[in-house]
Amino acid sequence: MPPVDALERLRALCLALPETTERLSHGEPTWFVRGKKTFVMFADHHHDDRLAFWCAAPPGAQEELVSEDPERFFRPPYVGHRGWLGVYLDVPDVDWDEVAEIVSDAYRRIAPKSLIARMP
């Protein structure tokens, strides 16, 4: 999938969540809850030659997913030590339903309960 298409699909998932905003952070599109707390960061070859995104993840999810499928998941630099998950978008047959779940989980890790209750 071309980077622009992957970005547009990811953007749609993120912006569908309550009180989410987008702005550039470190040169990449990044999504915030109420304009303050990051929950997803796009990574268009930012630190390597791969297209991906980094996101907040539930405890243990990073280790589980990376060990199960290192071709699709990784520990991102800078935020990986906090349990954040990296998800490659340049793999064949990206499972966008799974990506939607991962994005929703990332939002739930960062958003206040009042916004989580408003999730679609």
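Author: A cavity is a set of grid points where a 1.4 Å probe fits but cannot get out, and its lining residues have an atom within 4 Å of such a point. The model here is predicted.

Reader: How many cavities of 30 Å³ or more does a search of the whole structure find?

Author: The search finds 1. About 60 Å³ of space lies in the largest cavity.

Reader: What makes up the lining of the largest cavity?

Author: Arg72, Phe73, Val87, Tyr88, Val91, Val94, Asp95, Glu98, Val99 and Ile102 line it. Two elements, β6 and α3, give two or more residues each. The largest share, 3 residues, comes from α3.

Reader: Let me stay with β6. Which way do its residues point, and are they buried or exposed?

Author: Strand β6 covers residues 85-88. Leu85 and Val87 point one way, Gly86 and Tyr88 the other. Every one of these four is buried. Such alternation fits a general rule: in a regular strand, side chains alternate between the two faces of the sheet.

Reader: How do you know that β4 and β6 are paired?

Author: Pairing needs at least two bridges, and β4 (residues 51-55) has 4 to β6, so the two count as paired. They run antiparallel. Within this pair, Phe53 has Val87 as its bridge partner.

Reader: What makes β5 a partner of β6 as well?

Author: Strand β5 (residues 73-74) joins β6 over 2 bridges, and at least two are needed, so this is a pair too. The sense is antiparallel. Phe74 stands opposite Gly86.

Reader: Now the charges. Why is the contact between Glu22 and Arg11 called a salt bridge?

Author: The closest N and O atoms are 2.7 Å apart, and the cut-off is 4 Å, so the pair qualifies. It links distant parts of the chain: Glu22 lies in strand β1 (residues 20-25), Arg11 in helix α1 (residues 3-15), 11 residues apart. Glu8, Arg11 and Glu22 are linked in a network of salt bridges.

Reader: Why is Arg11 called buried? And what does Glu22 count as?

Author: Buried means under 20% relative accessible area; Arg11 has 19%, so it counts as buried. Glu22 has 28%, which lies between 20% and 50%, so it counts as partly exposed.

Reader: What makes Arg50 and Asp90 a salt bridge?

Author: Their closest N and O atoms are 2.7 Å apart, within the 4 Å limit, so the rule is met. Arg50 sits in the loop between β3 and β4, Asp90 in the loop between β6 and α3, 40 residues apart. Arg50, at 23%, is partly exposed. Asp90, at 30%, is partly exposed too.

Reader: How far apart in helix α3 are Arg108 and Asp105?

Author: They are 3 residues apart, which means a separation of about one helical turn. Their side chains meet in a salt bridge, at 3.3 Å from N to O. The count of salt bridges comes to 8.

Reader: Last topic. Which residues of the largest nonpolar core touch the most other members?

Author: Leu10, Phe39, Val40, Phe53 and Val103 do, out of 40 residues. Helix α3 gives the most to this core, with 6 residues.

Reader: What does Val40 touch, not counting residues up to four places away in sequence?

Author: Its contacts include Leu10, Trp31, Phe53, Cys55, Val103 and Ala106. In soluble globular proteins, nonpolar side chains tend to be buried together.

Methods. Residues are numbered from 1 along each chain as its sequence is written. This is a predicted model: local features need pLDDT of at least 70, side-chain atom pairs count only at pLDDT 80 or more; totals for chains, interfaces and linings use all residues. Side-chain values use heavy atoms; hydrogens and water are left out. Buried means under 20% relative accessible area, exposed over 50%, partly exposed in between (1.4 Å probe, protein chains only). A nonpolar core is a set of buried Ala, Val, Leu, Ile, Met, Phe, Trp, Tyr and Cys residues joined through side-chain atoms within 4.5 Å. Contact means heavy atoms within 4.5 Å. On a 1 Å grid over the protein atoms alone, a cavity is a set of points where a 1.4 Å probe fits but cannot get out, and a pocket is an open set with protein on both sides within 12 Å along at least five of seven lines; lining residues have an atom within 4 Å of a point. Grid points are joined across faces, edges and corners, and a volume is the space filled by probe spheres set on the points.
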